Amino acid sequence: MSTPYPFTAVVGQTDLRLALLLNAVSPAVGGVLVRGEKGTAKSTAVRALTALLPQVDVVPGCRFSCAPATPDPGCPDGPHGSGSSAERPARMVELPVGASEDRLVGALDLERALADGVKAFEPGLLADAHRGILYVDEVNLLHDHLVDVLLDAAAMGASYVEREGVSVRHAARFLLVGTMNPEEGELRPQLLDRFGLTVEVAASREPEQRVEVVRRRLAYDDDSAGFAARWAAEEAAVRDRVVAARALLPRVRLGDVALLQIAATCAGFEVDGMRADIVMARTATALAAWAGRTEVRKEDVRQAALLALPHRRRRNPFDAPGLDEDRLDEILNGFPDDEPEPDPDPEPEPGSDPDGDADGDGDGGPDGGGGVPPQAGPEDDRAAQGPEDRDRPGPEQGPEPSADSAPQPPSSADTTADGPVQAAVRASEPFRTRMLSVPGLGEGAAGRRSRARTAHGRTTGSQRPRGQLTKLHLAATVQAAAPHQRARGRAGRGLVIRKDDLRQATREGREGNLVLFVVDASGSMAARKRMSAVKGAVLSLLLDAYQRRDKVGLITFRGAGAELALPPTSSVDTAAARLELLPTGGRTPLASGLLKAHEVLRIERLRDPSRRPLLVVVTDGRATSAGSLGGDPRAAGSRSARLLAHEGVASVVVDCEAGPVRLGLAGALAADLGGPSVTLDGLRADSLAGLVRDVRTSVSSQSNPSNPSNSRNRRAA
């Protein structure tokens, strides 16, 4: 087994290290969500934290890691007497993205429960993580119901397993750490709020710090044991400081002034609910203990706000997380400065020299840098770090943007070979849309859009289990076993159940779909008011896709062809950002846009065959260029649309045509696609009656040409 990378050798990432250490001091803080781009030491820091946690006393043979001094009275392996105890290192348990609910919470042997009345329980990952760390990489890709189960257990400190009237409970107290890359999709605000702290991480833009990262990583890869040995002293110092802070934590006083500062801060930033106040109070208390103090100060409240509030201020998925530090200082400056109070129980300050830096030059660690993040404010924070940390911009500073670093929308004077390009316009205010769904019954990933066979939902029938039984259909099982009771020699009141009698419940819920937007960005859409309304409509549909847990993709067509502006992804905020910078101008290659959609859907079908697509074409229906196809542009567009319809792709055309005279070209395109056409105004939830029915009717009639309603639907379109 390879030697873990030392926690104190992580370069920079001060906020990340501090948030992890605060949870190690006080697991009641509620865990950490680490957001950031790939390759920023998120997973490395989390895995390294395990070595800093103290040893755990356990009851020998207990699968649920009960403490000998205070065993869980409801432990499935109990009751435990006052016998011997054993020590083991704290565990870090990883939850894979594809894990099932039974793997997370544990599984009951329903066959033994029915036949013998025995609660045979196989512990899951929550039991393994008890009194340790539960680490979820890519938590934003985890199914929502698993995230709900996970956060409920973290909040209650216990896990409950219920299966057909058979229930098991066991303790599950752990330090929850999740990491995610926002480019791959966001967590719902309700789930974000359940994480105690959130930290944004990014790679340093300072060459010196990047060099130090590479130097340490290469040294670790060459000799992991020797590298860890060079950092052993710092690791031991931090481990001792964590133990001392845990011991000091019950004596830390959270005064009325600090409570008022916390309440005023949460109210000033208009944070929903009371969880933020509670998390800030626990975090500020842990910060004081980490600093070796018994009184919470204003600086603790400020640091707690920076860690606990940014992710709780988002109102929709397109809002960037963050906190206005000037506003925070304005709120806290309304309170008097802290007055130092003598410690009623003087003792050596725990962790007074955590970095092993006796000369006080701030260059702790064998390689100069790294070590432990202090708890103080930004200025003191930077002074106490190593040279590579001091060179790194602080969280409030960020890298200096260059004049040409950010993508710039084209100016109104830009001209290409395809004609003038109009500057990008802002989207109008988004609105609530009516639900569009794919007809039929799918088997895709759990979501909230189209009907599908899922692991959760209403029970619709039963079948013989394929593999391990997960959801028992009790009535069907009894019905299958009843005719054989005499032959099996039944003597008592209970049924004699055999494995062949067991029936799996089949359930119907909702799935997420791939919503692929094909947006006309040609010159015919270039009127500012019109394009603003179009972007507002697409933004509204993106928001709907976020709420229904869909994947989204964005294709634009203008000039000489079509472009895949955003490959299919779960990150709808990335799609919104691409949409905001979308320019317009040039000819209208409608066929190119539809053929690009056909190609994208073909590739996605190979990658994820169970996820059904919904094509949303946003256009006025005009076609003035056939692109590389040549020939008549309208005929090429019609052929491309019929190709998609032939493959059964569910489609909706959003008609952007404006003015008193309408050509009805979008309606003709919808007829070729076999789907409905709806105007921008008709897309709103209060005026889109029957659109779901129209999608289903159009696709079903397209697949059944003999249906007499098919001709009526085409004439209506």
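In which helix does Arg302 lie? In this predicted model, Arg302 belongs to helix α13, which covers residues 298-308. Arg302 has a relative accessibility of 16%. Buried means under 20%. Arg302 therefore counts as buried. Its separation from Ile262 can be given in two ways. Along the sequence, Arg302 and Ile262 are 40 residues apart. In space, the C-alpha atoms of Arg302 and Ile262 are 8.7 Å apart.

The overall figures come next. The protein has 717 residues, and buried residues make up 51% of them. Its secondary structure comes to 24 helices and 22 strands. Contacts between residues at least 6 apart in sequence were also sorted by separation. Of these contacts, 77% join residues at least 24 apart.

One open sheet has 5 strands, in the order β4-β7-β10-β1-β11. The pairing in this sheet is parallel. Strands of a sheet pair through backbone hydrogen bonds, either parallel or antiparallel. The edges of the 5-stranded sheet are β4 (92-94) and β11 (197-201). Each edge strand has a single partner, so one side of β4 and one side of β11 are left without a neighbour in the sheet. From one strand to the next, the twist averages 20°. Within this sheet, β1 (residues 32-36) pairs with β11 over 5 bridges, in the parallel sense. Leu33 illustrates the pairing: its bridge partner in β11 is Thr198. Helix α1 (residues 14-25) packs on the sheet. The helix touches β1, β10 (175-180) and β11. The direction of α1 makes about 155° with that of β11.

Another open sheet has 6 strands. Their order is β19-β18-β17-β20-β21-β22, and the pairing is mixed. Here β19 (561-569) and β22 (677-679) stand at the edges. Both have a single partner strand, so one side of each lacks a neighbour in the sheet. The twist in the 6-stranded sheet averages 20° from one strand to the next. Helix α19 (residues 572-580) lies across β18 (551-558) and β19. The helix runs at about 15° to β18.

Strand β20 deserves a description of its own. β20 spans residues 613-619 and is joined to β21 (residues 650-655) by 6 bridges. These two strands run parallel. Val617 has Val653 as its bridge partner in β21. Val616 stands opposite Val652, also in β21. Strand β17 (residues 514-520) is joined to β20 as well, again by 6 bridges and running parallel. For Val519, the bridge partner in β20 is Val618.

How many of the residues of β20 are buried? The count is 7 of 7, and the strand is mostly covered. Both faces of β20 are covered. On one side, Pro613, Leu615, Val617 and Thr619 are buried. On the other side, Leu614, Val616 and Val618 are buried.

Two helices also meet. Helix α21 covers residues 633-646, and helix α22 covers residues 665-673. Their axes come within 7 Å and cross at roughly 35°. From α21, the contact involves Arg634, Ser638, Ala641, Arg642, Leu644 and Ala645. From α22, Leu665, Leu669, Asp672 and Leu673 take part. By class, the contact has 6 nonpolar, 1 polar and 3 charged residues.

The search for empty space completes the picture. Rolling a probe the size of a water molecule over the atoms shows where empty space is left. The largest pocket has a volume of about 1,400 Å³. Its lining has 49 residues. Closest to the centre of the pocket are His143, His145, Ala446, Thr454 and Ala455. Several elements each supply at least two residues of the lining. The helices among them are α3 (101-105) and α6 (144-156). The strands are β14 (446-454), β15 (458-463) and β16 (504-511). Strand β16 gives the most to the lining, with 7 residues. Sorted by class, the lining of the largest pocket has 12 nonpolar, 17 polar and 20 charged residues.

Conventions: Residues numbered from 1 in each chain as written. Predicted model: local features only at pLDDT ≥ 70, side-chain atom pairs only at ≥ 80, totals over all residues. Heavy atoms only, no water. 1 Å grid on protein atoms, 1.4 Å probe; cavity = no way out; pocket = protein on both sides within 12 Å on 5 of 7 lines; lining within 4 Å. Points joined across faces, edges and corners; volume = space filled by probe spheres on them. Helix = DSSP H or I, 4+ residues; strand = E, 2+ residues; numbered from the N terminus. Nonpolar A, V, L, I, M, F, W, Y, C, P; charged D, E, K, R; others polar. Pairing = 2+ DSSP bridges. Axes fitted to C-alpha atoms, helices over the stretch in contact; angles between N-to-C directions. Contact = heavy atoms within 4.5 Å. Buried < 20%, exposed > 50% of the residue type's maximum accessible area, 1.4 Å probe, protein only.
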